[in-house]
Amino acid sequence: MPLLPLEIMTAPFTPPEQGEPIAAIATPVGIGALAVVRISGKGVFDIAMRVFHKKGSQAFHFAQSKGFRAHFGAVYDSEGLVDEVVALVFRSPNSFTMEDMVELSCHGGPVVVKHILKVLLDEGCRLAEPGEFTRRAFLNGRIDLLQAEAIGEMIHARSESAFRTAVTQMQGTLSTRLDAMREQLLRSCALLELELDFSEEDVEFQSRSQLQKELRELQKELCRLIDSYQHGRILKEGVATVIAGKPNAGKSTLLNALLGEERSIVSHIPGTTRDYIEECFVYEKTMFRLTDTAGLREGREESEHEGIRRSYKKISEADMIIYLLDISLDNYLDEVPVIAEFLVRYPSARLLVVANKTDITPDSAERLKQLRAATGSEVCGIAAAKREGLDRLTHEMCIMVEGLDKQQEASVLVTSLRHYEALRNASDALRNAQALIDRGTGTELVAFELRSALEYIGEITGKVVNEEILTLIFERFCIGK
Ligand code: GDP
């Protein structure tokens with residue numbers, strides 16, 4: 001990708017002319033007390049004036065209204081009254097999109113709302129594309145790209161923690177940090193480029209030892225943000241939890257028992273293959289994404305091999321593994337070496353050993369003790385089919401997540417894969433720059449690496465952005481947002 005000149009990378013966004021007028025229903029379609037239809041762009045005050053009459057009077061001049069004012073009246077079409085509404089006026093630049101905007105709150109029936117939308121479209125608005133209001137807010141400099149994405153994440157948040165993280169990002173905490181880093185890099189880069197202009201005179205505007213010191217600090221900060229991604233991803237997508245164990249240990253029964261509790265099941269994610277299923281549940285603000293894998297055994301048929309391979313892949317990606325075994329079997333201790341192997345093979349995941357079928361194991365207390373001694377770890381005894389011991393199990397699961405929590409003390413988190421990758425690229429570029437300085441390589445190459453780092457960081461907040469990224473981000477929004 002060619003680098004943009006520094007001037008373009010740093011140029012502030014100048015609010016463009018107001019865009020063509022767009023309209024959309026901003027609330028979910030369905031029956032409710034109220035619904036909101038919003039319009040934004042050039043000429044929306046005139047459009048609103050043509051469809052809205054204030055109570056007892058004729059046409060109302062929106063263009064003369066002060067901003068942030070609500071007016072009670074009604075929307076009319078060519079055949080007469082459509083609905084009584086409250087019209088909220090936002091004058092540019094004091095609106096979400098920074099354009100002139102009007103929000104019409106009407107009664108919440110789907111027919112009424114669609115009719116009002118149709119009246120506005122007939123009067124010259126175009127139906128907004130998904131995320132177009134937010135896209136305009138970004139393009140006009142009202143919010144940066146990271147904040148725009150946070151709005152999307154807030155809407156889609158499936159747990160309290162995911163919601164809180166999105167709110168923090170929407171407020172711009174991460175953006176402020178990234179902007180500060182960019183500024184520092186920009187300064188260093190500018191000094192190096194100045195040296196290039198004076199290359200014949202062999203001057204050094206920034207001492208290399210000072211530059212190295214600054215880059216080390218920046219690298220530290222970048223690494224901290226990169227490391228926060230595991231925690232950020234967990235907050236956003238849930239703790240990737242895999243239930244592993246031999247066939248008949250009771251994995252499916254446990255999955256159903258966990259999901260079947262009165263806890264809120266927030267979504268159903270059908271597995272991409274038939275070998276495993278994924279479901280989410282929230283327990284005490286923490287979201288768990290549970291995967292039931294195909295039983296771990298030596299596959300006899302080709303298709304089974306594939307299922308097992310996928311199971312192991314899921315396990316290797318997990319944040320937490322629940323290793324389930326059937327404690328009623330006489331050879332239950334045969335699983336100990338398998339557990340030990342799991343600990344070695346998946347060191348980054350938390351392993352929770354769970355012994356099932358205590359209800360048909362008269363000496364389960366003794367067997368649990370044996371297992372604890374043999375594995376050297378805590379073992380939860382449960383009877384999944386009878387839902388016994390599940391409170392203790394979920395409690396243990398939460399304790400493990402707290403552990404993951406504590407790994408990351410900072411409040412600023414990276415939650416998006418896009419941001420994570422950009423930060424990794426920026427960090428690589430800085431590392432290259434540091435190595436080049438160490439080797440005493442020419443200023444030009446160092447400046448090139450710093451510019452790359454700048455560009456990668458700029459991609460996150462949208463200081464440097466291409467159309468493709470924008471489309472990818474905003475198409476995930478709903479229409480009206
Ligand atoms: P999976 O192959 O690991 O998914 O195991 P399943 O969930 O299909 O369970 C295998 C068998 O064990 C089924 O017949 C279940 O009813 C039974 N089972 C599961 N949990 C328990 C339990 O807690 N107690 C008893 N007695 N049977 C159980």
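**Group meeting: helix α15 and its partners, plus one arginine**

Okay, let me start with a single atom pair: a polar atom on the side chain of R289 sits 3.1 Å from the backbone oxygen of E237. Keep in mind that this is a predicted model. R289 itself belongs to strand β11, which covers residues 286–292. Is R289 buried or exposed? Its relative accessibility is 14%, and since the cut-off for buried is under 20%, R289 counts as buried.

Right, on to the helices. I'll take α14 and α15 to begin with. Helix α14 is residues 417–438 and helix α15 is residues 443–461, and their axes come within 8 Å, crossing at roughly 165°. Angles over 145 degrees count as roughly antiparallel, so that's what we call α14 and α15. As for handedness, α14 and α15 make a left-handed crossing.

Who's doing the touching? On the α14 side, we have R418, H419, A422, L423, N425, A426, A429, L430, N432, A433, L436 and I437. Facing them from α15 are L445, V446, E449, L450, S452, A453, Y456, I457, E459 and I460. If you sort the residues of that contact by class, you get 15 nonpolar, four polar and three charged.

Now the other partner, helix α7, residues 173–197. Here α7 and α15 pack at about 155°, and the axes are 9 Å apart. That angle therefore makes α7 and α15 roughly antiparallel to each other. This crossing of α7 and α15 is left-handed.

Which residues of α7 meet α15? From α7 you've got S175, L178, D179, R182, L185, L186, S188, C189, L192, E193, E195 and L196. The α15 residues they meet are T443, E444, V446, A447, L450, R451, A453, L454, I457, G458, I460 and T461. Broken down by class, the contact of α7 with α15 holds 13 nonpolar, five polar and six charged residues.

Last stop, T461, which lies in α15. How much of T461 is accessible? The relative accessible area is 2%, and with the cut-off at under 20%, T461 is therefore buried. Setting aside neighbours within four places in sequence, T461 is in contact with F138, D144, L145, L146, S175, L178 and D179. Of those, S175, L178 and D179 should ring a bell, as they're among the α7 residues in the contact with α15.

So, to recap: α15 is roughly antiparallel to α14, and α15 is roughly antiparallel to α7 as well. Okay, over to you for questions.

Technical notes. Residues are numbered from 1 along each chain as its sequence is written. This is a predicted model: local features need pLDDT of at least 70, side-chain atom pairs count only at pLDDT 80 or more; totals for chains, interfaces and linings use all residues. Side-chain values use heavy atoms; hydrogens and water are left out. Axes are lines fitted to C-alpha atoms, for helices over the stretch in contact, and angles run from 0 to 180 degrees between N-to-C directions. Helices (H or I, at least four residues) and strands (E, at least two) are DSSP runs, numbered from the N terminus. Angles under 35 degrees count as roughly parallel, over 145 as roughly antiparallel, 65 to 115 as roughly perpendicular and the rest as oblique. A crossing is left-handed if the near helix is turned anticlockwise from the far one by less than a right angle, and right-handed if clockwise. Contact means heavy atoms within 4.5 Å. Ala, Val, Leu, Ile, Met, Phe, Trp, Tyr, Cys and Pro count as nonpolar, Asp, Glu, Lys and Arg as charged, and the others, Gly among them, as polar. Buried means under 20% relative accessible area, exposed over 50%, partly exposed in between (1.4 Å probe, protein chains only). A polar contact is a pair of N or O atoms within 3.5 Å; within protein, one must be able to donate a hydrogen and the other to accept it, and residues adjacent in sequence count only if both atoms are side-chain atoms.
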